[in-house]
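Good morning, and thank you for joining. I would like to take you through one structure this morning, beginning with its pocket and ending with its overall layout.

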Amino acid sequence: MIVFVDESGDAGLKAKKGSSTHFIFTLVLFNDKDQANRTDCHIDNIRRQLNLRKDFEFHFNKLSKNYREHFLSEVCNFDFKCFSLVIDKKDVLESCFETAESFYLYACKESFLVAKDHLSEAILVIDGRGSRKSRQNLATYLKNNLNEKEVENYRLKKVKLEDSHKNN
């Protein structure tokens with residue numbers, strides 16, 4: 001199993017000072033690595049179909065409705081599951097989180113808790129941007145919060161850092 005994660009918005013809680021109003025955390029789960037590879041190759045084909053650069057990164061808030069619909073109609077035939085957590089940050093009390101990183105960790109953990117019954121021996125791929133230390137903290141945090149000590153098959157087996165610009 002391979003799991004990709006991505007987020008939209010930022011983890012900052014100061015909306016009046018430029019933070020986004022919402023934070024969205026999404027997991028994409030492939031039970032089969034070959035299915036993930038086929039999907040990856042097809043996303044490259046979608047770029048060619050739409051006459052986009054090879055390094056074009058699909059950011060849905062920046063795509064036209066036609067491009068979004070084309071992308072989704074093309075990938076819906078592949079076998080994967082998605083789980084998303086959407087947080088309206090105006091409902092989050094700043095006093096609940098000391099830092100943006102603590103809010104990010106919370107959102108990440110909650111996303112994985114929703115999907116935990118679907119996780120088994122998962123290789124988690126996280127966007128490698130940002131500080132290596134914060135990403136390593138995330139990996140440790142998730143393993144500690146999702147893997148149950150008394151269970152042989154861990155939900156998270158391995159965490160890999162990859163730049164989202166180089167990974168569909």
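Let me begin with the largest pocket, which has 48 lining residues; nearest to its centre are Asp6, Val28, Phe58, Phe60 and Asn168. I should say at once that what you see is a predicted model. The volume of the largest pocket is about 1,500 Å³. Two or more lining residues come from each of strands S1, S2, S4 and S5, and likewise from helix H1, residues 33–49, and helix H2, residues 65–75. Which element gives the most to this lining? That is H1, with eight residues. Sorted by class, the lining of the largest pocket comprises 19 nonpolar, twelve polar and 17 charged residues.

From the pocket I turn to the cavities. How many cavities of 30 Å³ or more does the structure hold? There is one, and the volume of the largest cavity is about 50 Å³. Its lining consists of Met1, Leu29, Phe30, Asn31, Asp32, Asp79, Phe80 and Lys81. By class, the lining of the largest cavity divides into four nonpolar residues, one polar residue and three charged residues.

Phe30, one of those cavity-lining residues, brings me to the aromatic pairs. The count of such pairs comes to eleven. In one of them, Phe4 and Phe30 meet edge-to-face, with 6.1 Å from centre to centre and 85° between the planes. This pair links distant parts of the chain, since Phe4 sits in strand S1 and Phe30 in strand S2, 26 residues apart. Is Phe30 buried or exposed? Its relative accessible area is 5%, so Phe30 is buried, the limit being under 20%.

A further edge-to-face pair is made by Phe97 and Phe103, at 5.3 Å centre to centre and 75° between the planes. Phe97 has a relative accessibility of 16% and therefore counts as buried. Phe103 also counts as buried, because its relative accessibility is 0%. Both rings belong to one aromatic cluster, formed by Phe23, Phe25, Phe97, Phe103, Tyr104 and Tyr106.

Phe103 appears again in the nonpolar interior. The largest nonpolar core has 29 residues, and Phe103 is among those with the most contacts inside it, together with Val3, Val5, Phe112, Leu124 and Leu142. Which elements each supply at least two residues of this core? They are strands S1 (2–8), S2 (22–30), S3 (81–88), S4 (122–127) and S5 (156–162), along with H3 and helix H4 (132–146). The largest share, seven residues, comes from H3.

Val3 illustrates how such a residue is surrounded. Neighbours within four places in sequence aside, Val3 is in contact with Leu27, Val28, Leu29, Phe112, Leu119, Ala122, Ile123, Leu124 and Val125. Another core lies apart from the one just described; this other core has eight residues, including Leu50, Phe58, Leu63 and Phe71. Phe58, you may recall, is also one of the residues nearest the centre of the largest pocket.

I return to H3 for two individual residues. The first topic is Ser111, which lies in helix H3, residues 100–115. With a relative accessible area of 2%, Ser111 is buried. Which residues does Ser111 touch, if those up to four places away in sequence are not counted? They are Phe25, Leu27 and Leu85. Phe25 was named earlier as a member of the aromatic cluster.

The second topic is Leu105, whose place is likewise in helix H3. Leu105 counts as buried because its relative accessibility is 15%, under the limit of 20%. Not counting residues up to four places away in sequence, Leu105 touches Leu138 and Tyr141. How far is Leu105 from Leu142? The two are 37 residues apart in sequence, yet 8.4 Å apart in space, taken from C-alpha to C-alpha.

Let me close with the chain as a whole. Four helices and five strands make up its secondary structure elements, and along the sequence they follow the pattern β-β-α-α-β-α-β-α-β. The chain has 168 residues, of which 35% count as buried. Finally, among contacts between residues at least 6 apart in sequence, 70% join residues at least 24 apart.

Note on methods
Residues are numbered from 1 along each chain as its sequence is written. This is a predicted model: local features need pLDDT of at least 70, side-chain atom pairs count only at pLDDT 80 or more; totals for chains, interfaces and linings use all residues. Side-chain values use heavy atoms; hydrogens and water are left out. Buried means under 20% relative accessible area, exposed over 50%, partly exposed in between (1.4 Å probe, protein chains only). Contact means heavy atoms within 4.5 Å. A nonpolar core is a set of buried Ala, Val, Leu, Ile, Met, Phe, Trp, Tyr and Cys residues joined through side-chain atoms within 4.5 Å. On a 1 Å grid over the protein atoms alone, a cavity is a set of points where a 1.4 Å probe fits but cannot get out, and a pocket is an open set with protein on both sides within 12 Å along at least five of seven lines; lining residues have an atom within 4 Å of a point. Grid points are joined across faces, edges and corners, and a volume is the space filled by probe spheres set on the points. Ala, Val, Leu, Ile, Met, Phe, Trp, Tyr, Cys and Pro count as nonpolar, Asp, Glu, Lys and Arg as charged, and the others, Gly among them, as polar. Rings of Phe, Tyr and Trp (its six-membered ring) pair if their centres lie within 6.5 Å; planes under 30 degrees apart count as stacked, over 60 as edge-to-face and the rest as tilted.
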